[in-house]
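Colleague: Could you take me through the open and enclosed spaces of this protein, one at a time?

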Amino acid sequence: MARNVLFITVDQFRADCLSAAGHPVVRTPNLDALAAEGVRFARHYSQASPCGPGRAALYTGTYQMNNRVVANGSPLDTRFDNIALAARRAGHEPVLFGYTDQALDPRLTLGPDDPALSSYEGVLDGFDCMLDLTAGHEPWVTALRDAGHEIDNAVHALSTESTRPKEESVSAFLTDRIIDWVDGHGPGWFVHASYLRPHPPYDAAGEWSVAYDPEHTGEPIAPVAEPEPFHALMMTLEQCRAPRTARGMGRMRSQYFGMVSHVDEELGRLFAHLRATGQWDDTLVVVTADHAELLGDHGLREKLGYWETSQHIPCIIRDPGNQGTAGTVVDRFTENVDILPTLCDAMGIAVPQQCDGFPLTPFLRGEEPPVWRTAAHWEYDWRSALIQLGADVPWPWKRSLEKLNLCVQRTDDLAYVQFGDGRSIAFDLVADPTWRTTCDDPARLLAAAQEMLAWRMQMTERTHTGFLAANGGSGRWPDGVPWRG
């Protein structure tokens, strides 16, 4: 029997918001149960934010420095392979429920007036979209109106979810459509379930809006007294600044926790249906996120910058063919660029040469890979934020826009941040795991800078570097050993 693939993304989901990870407040019984049947990767990271850049890295297995999707709306170059095209090569007909937030390559459009050039919410090439929740969430909004609700638009619908039963939520709507679809298809399906929640607006559906007491949601990491220039700039942005009152902070966190528990409930409903219909034991399940959520940490909200809690995300993989590792927790550094290689390996096809990540399948089998990374990396580009502030940024002189980015190298004991303008900052994670205590040891900083430079040199784009135009175009060295870059 052909194996099914259920690839789930839960937008803006923090890794610590799992009860299986020890969160003292949030309850996620269904994801906990999935982790007990599979492998949970405890130190898993997204490679970029916001949504468009984060998903570009996830879908193509490439770092931002290679795919160059630097903002919501940066087009994804069609030369890149992706997760849907790989699924097709493996014999699946991949379908999407939700959205992928990938702007279309302008070279494929019909002209300057093509509406696709005005949206970053394009559907990734290769997917058949069964439920389109891009832009105005029209199918869901229409269903709400048909049910008698007065809804102005998608933003209004999302920001008033607390006033309606959870059964009418966007999360429940998506789950219902997936269940309906899988019931009408035979084995071998590939479903990408792209859940919006717990992405803002911070308004949980129905009973989940009151499930957590705002006065008992815990305290975020406080900002430092004198933030460095980038931190100070981010705190001036209204969309990034955390609530300034205890009441506002408590409400934001309680609603976020409610949305997490609600999407967990919806996933449990989907998993239960697959069990009831005899499909569970033939389904590979992957759960991750495009990025995380600061949730008040460092005086900020949303997803931005260099901080751990913006990029540390869950990753749970349940492979029915490797139940001997059920309940395993992997503490090695893993990244979203590993998801495409993992799915390719699991589907029995070659990993694309472009991929910067590695298959996680050895961990699923209980094996230790012969080589593995000793640090996690992610990037953040804020040119769009600065332009929104009305800044006059000259281009191309001195490549001014290319200075508005940073790269993070996070090891066990040090988080090194390199800015595009030449500045750097490092945090001593042994002395203080909250990313508030800087490291000023010249020897450690020099070593970190050298390691990051070496990493970037090794990870630059290499689509054609694995081919050698010699020996009749065989792509082999004279000794007959294949050159794999």
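**Pockets and a cavity**

Modeller: To begin with one element, β2 gives the most to the lining of the second largest pocket, with three residues. Strands here are DSSP runs (E, at least two residues) and helices likewise (H or I, at least four), numbered from the N terminus. This is a predicted model, in which local features need pLDDT of at least 70 and side-chain atom pairs count only at pLDDT 80 or more, while totals for chains, interfaces and linings use all residues. Residues are numbered from 1 along each chain as its sequence is written, and side-chain values use heavy atoms, with hydrogens and water left out.

Colleague: What volume does the second largest pocket have?

Modeller: A pocket is an open set of points on a 1 Å grid over the protein atoms alone, with protein on both sides within 12 Å along at least five of seven lines, and lining residues have an atom within 4 Å of a point. Of its 34 lining residues, R14, D16, E308, T309 and H312 lie nearest the centre of the second largest pocket. Its volume, the space filled by probe spheres set on points joined across faces, edges and corners, is about 620 Å³.

Colleague: How much space lies in the largest pocket?

Modeller: The largest pocket is lined by 32 residues, with P50, N72, Y120, H199 and K303 nearest its centre. Helices α6 (154-159) and α13 (383-388) and strand β10 (376-381) each supply at least two residues of this lining. The space in the largest pocket is about 740 Å³.

Colleague: Which residues line the largest cavity?

Modeller: A cavity is a set of grid points where a 1.4 Å probe fits but cannot get out, and the structure holds one of 30 Å³ or more. The largest cavity is lined by E161, S171, R197, D203, A204, A205, M259 and H262.
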